[in-house]
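Hi there,

Here is the structure I promised to pass on. Have a look at it first, and then read my notes below.

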Amino acid sequence: MRALSLSVPAAALLTLLATGSSTLAAQQRPRTAVAAPSVSLDETAARRRALAERLENGVLIAFGGRALVHDFSTFYQLPSFRYLTELNEPDHALVMVVKDKVPQSTLFLTPLDARTAFYYGQRTDSASSMARTGMPARSFAALAGVLDSLAGSGQVFWHIPDVETTDFSRLDTLTRGQETVKALTRAHPALTIRNAMPHVLAVRARKSATELALIRKAVEISAEGHRAAMLTANPQHEYELRAALEYEFTRRGAERPAYGSIVGGGYNGTTLHYMKDSDPVKPGDLVVMDAGAEYRGYAADITRTIPVSGRFTAEQRALYQLVRDAQAAAERNSKPGLSIRAAADSSVAVRVKGLAALGLIESEDAQYDPPWRVDCTASPASCKQANLWTIHGITHGIGLAVHDPLQGDARRDGVFHEGDAFTIEPGIYVSTKALDVLPDTPRNRQFKAKVLAAVKRYENTGVRIEDDYIITDKGLERLSLVPREIDEIEALMARRRAIQP
């Protein structure tokens with residue numbers, strides 16, 4: 001029986017109790033005390049040497065993240081700067097002079113005055129830098145003069161853009177690093193400045209044993225968060241499930257969510273990056289929960305789709321199983337030496353065939369006119385009707401960023417390699433609102449007329465299943481061991497304890 005509407009304090013109390021019951025279940029799962037993996041000074045030095053191998057000669061400049069303009073949030077380092085320094089403090093820079101593939105690295109550190117240090121703690125300084133980072137250090141105030149002197153030497157400069165994620169690097173042009181590059185160009189018009197980020201990403205793509213251990217830990221924590229959400233008793237709102245996820249992340253040692261947690265019920269589950277997490281969840285709806293923890297800088301990325309009532313309807317089962325079958329197809333094709341694109345295509349093929357069988361597209365090859373600019377003649381695959389319901393790709397790397405590089409991208413051979421860490425995340429999202437935004441063309445009118453009845457049968461149903469994997473010398477290994485089969489999810493959710501007002 002669904003609980004009655006409650007006052008805010010009472011609802012908060014019941015949410016706490018519900019979360020407590022899920023937490024108790026999670027606590028009953030054994031937790032073995034083991035030493036936390038950490039990146040050694042030798043490993044960070046090896047990373048810098050690997051980057052120097054690619055640059056060959058020149059001057060590399062990299063800026064870390066800036067101190068926050070207020071003190072109400074926690075500082076987190078930019079991924080590439082952390083990769084090369086393991087220095088999780090703001091307002092520092094790295095200069096690496098490379099000669100014949102051999103690097104000489106110096107940190108430029110911004111100190112805190114004594115009074116401010118009482119509030120924020122001591123920072124690494126020139127006296128402690130060697131012990132903490134394995135690199136000598138100078139004051140940040142000396143950086144401009146050093147760069148000016150090096151720029152006059154005629155060497156090529158390499159710059160790592162100081163952006164949190166490469167997904168949006170072109171939009172982030174006012175960073176301290178970008179401004180420094182502009183100033184150097186004005187002062188030294190003949191200076192050659194190149195983007196080092198592709199080289200850094202290429203080095204980051206192959207994960208070391210330590211990195212894989214950190215990713216495993218992030219995924220383990222994230223999996224327990226999803227279990228806790230599945231065990232949350234009679235949730236009334238999306239944010240209650242998010243609270244269960246993120247509480248478990250924190251309780252198990254995560255630094256923060258690896259990205260904004262996506263918890264969308266009903267129609268919200270068909271919005272790929274819905275992050276308000278504020279609406280009610282109703283029995284009869286599915287909830288898409290895309291959430292992962294960050295552990296010592298390394299991200300996990302897991303998605304589960306669950307029924308609010310604890311049991312899938314027949315229509316929900318059909319769509320869910322189709323997505324799960326598509327994921328299984330990609331898993332079979334994700335092995336060392338196999339094509340990343342082919343794995344994705346195998347997932348697409350399963351979903352396209354299933355969508356045609358369910359009447360959600362006219363046929364496997366049927367086309368439509370998308371509501372965005374695309375040349376259907378030059379790229380007919382981009383105009384297949386199935387794309388309306390399967391809008392995103394299924395694979396990306398994970399690591400220091402939730403969208404991290406894969407070796408196949410860096411090597412440009414397009415295949416999986418040992419040391420890759422990545423996700424497989426097919427989805428299907430069905431809503432009449434997707435039909436409403438289509439341009440009014442003869443082809444689209446026919447498409448809508450043929451599929452409208454089926455779309456209404458699956459109205460506001462979003463399904464995404466996402467797991468985390470690594471490629472080892474033995475092949476593909478799934479890390480995210482949290483229920484994903486229909487019967488597994490229903491069995492776990494049957495253990496929820498209903499809390500009555």
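Before the first finding, a word on terms: a helix axis here is a line fitted to C-alpha atoms over the stretch in contact, and the angle between two axes runs from 0 to 180 degrees between N-to-C directions. Please also keep in mind that this is a predicted model.

With that in hand, start at helix 9 and helix 10 (residues 238-251), whose axes come within 8 Å and cross at roughly 145°. The crossing of helix 9 past helix 10 is right-handed. On the helix 9 side, the contact is made by Ile221, Ser222, Glu224, Gly225, His226, Ala228 and Ala229. Helix 10 brings Leu241, Ala244, Leu245, Glu248 and Phe249 to that contact. By type, the residues of the contact are seven nonpolar, three polar and two charged.

Next, please turn to helix 2. This helix covers residues 41-55, so to speak a run of 15 residues, and it reaches 21 Å from its first C-alpha to its last. That is close to the 21 Å expected at 1.5 Å a residue. Several of its residues are buried, among them Glu43, Thr44, Ala45, Leu51, Ala52 and Leu55. Arg47 and Arg48 of helix 2 are buried as well. Just after helix 2 comes glutamate 56, with a positive phi of about 75°.

Now for the charged pairs. Side chains of opposite charge can pair when their charged atoms come close. How many salt bridges does the structure hold? The count is 34, and I picked out a few for you.

One of them brings us back to helix 2: arginine 47 pairs with glutamate 211, and their closest N and O atoms are 3.6 Å apart. Because glutamate 211 lies in helix 9 (residues 209-230) and arginine 47 in helix 2, the pair ties together parts that are 164 residues apart in sequence. Are these two partners buried or exposed? Glutamate 211 counts as buried because its relative accessibility is 3%, under the 20% cut-off. Arginine 47 is also buried, at 3% relative accessibility.

A second salt bridge joins lysine 207 and aspartate 404, with 3.1 Å between the closest N and O atoms. Lysine 207 sits in the loop between helix 8 (197-205) and helix 9, and aspartate 404 in the loop between helix 12 (340-357) and helix 13 (407-411), so this pair ties together parts that are 197 residues apart in sequence. Lysine 207 is buried, with a relative accessible area of 4%, and aspartate 404 counts as buried at 7%.

In a third case, arginine 256 and glutamate 294 meet through their side chains at 3.2 Å, N to O. This pair links distant parts of the chain, 38 residues apart, with arginine 256 in strand 7 (residues 256-257) and glutamate 294 in strand 10 (residues 293-295). Here arginine 256 is partly exposed at 23% relative accessibility, whereas glutamate 294 is buried at 6%. Elsewhere, salt bridges that share partners join Arg304, Arg324, Glu331, Asp467, Arg478, Arg484 and Glu485 into one network.

Finally, a residue to find in helix 7 (residues 176-187): lysine 182. Lysine 182 is partly exposed, with a relative accessible area of 35%. From its C-alpha to that of alanine 300 the distance in space is 36 Å, and the two residues are 118 apart in sequence.

Enjoy exploring, and write back with any questions.

Best wishes

Conventions. Residues numbered from 1 in each chain as written. Predicted model: local features only at pLDDT ≥ 70, side-chain atom pairs only at ≥ 80, totals over all residues. Heavy atoms only, no water. Helix = DSSP H or I, 4+ residues; strand = E, 2+ residues; numbered from the N terminus. Expected span 1.5 Å × (residues − 1). Buried < 20%, exposed > 50% of the residue type's maximum accessible area, 1.4 Å probe, protein only. Salt bridge = Lys/Arg side-chain N within 4 Å of Asp/Glu carboxyl O. Left-handed = near helix turned anticlockwise from the far one by under 90°. Contact = heavy atoms within 4.5 Å. Nonpolar A, V, L, I, M, F, W, Y, C, P; charged D, E, K, R; others polar.
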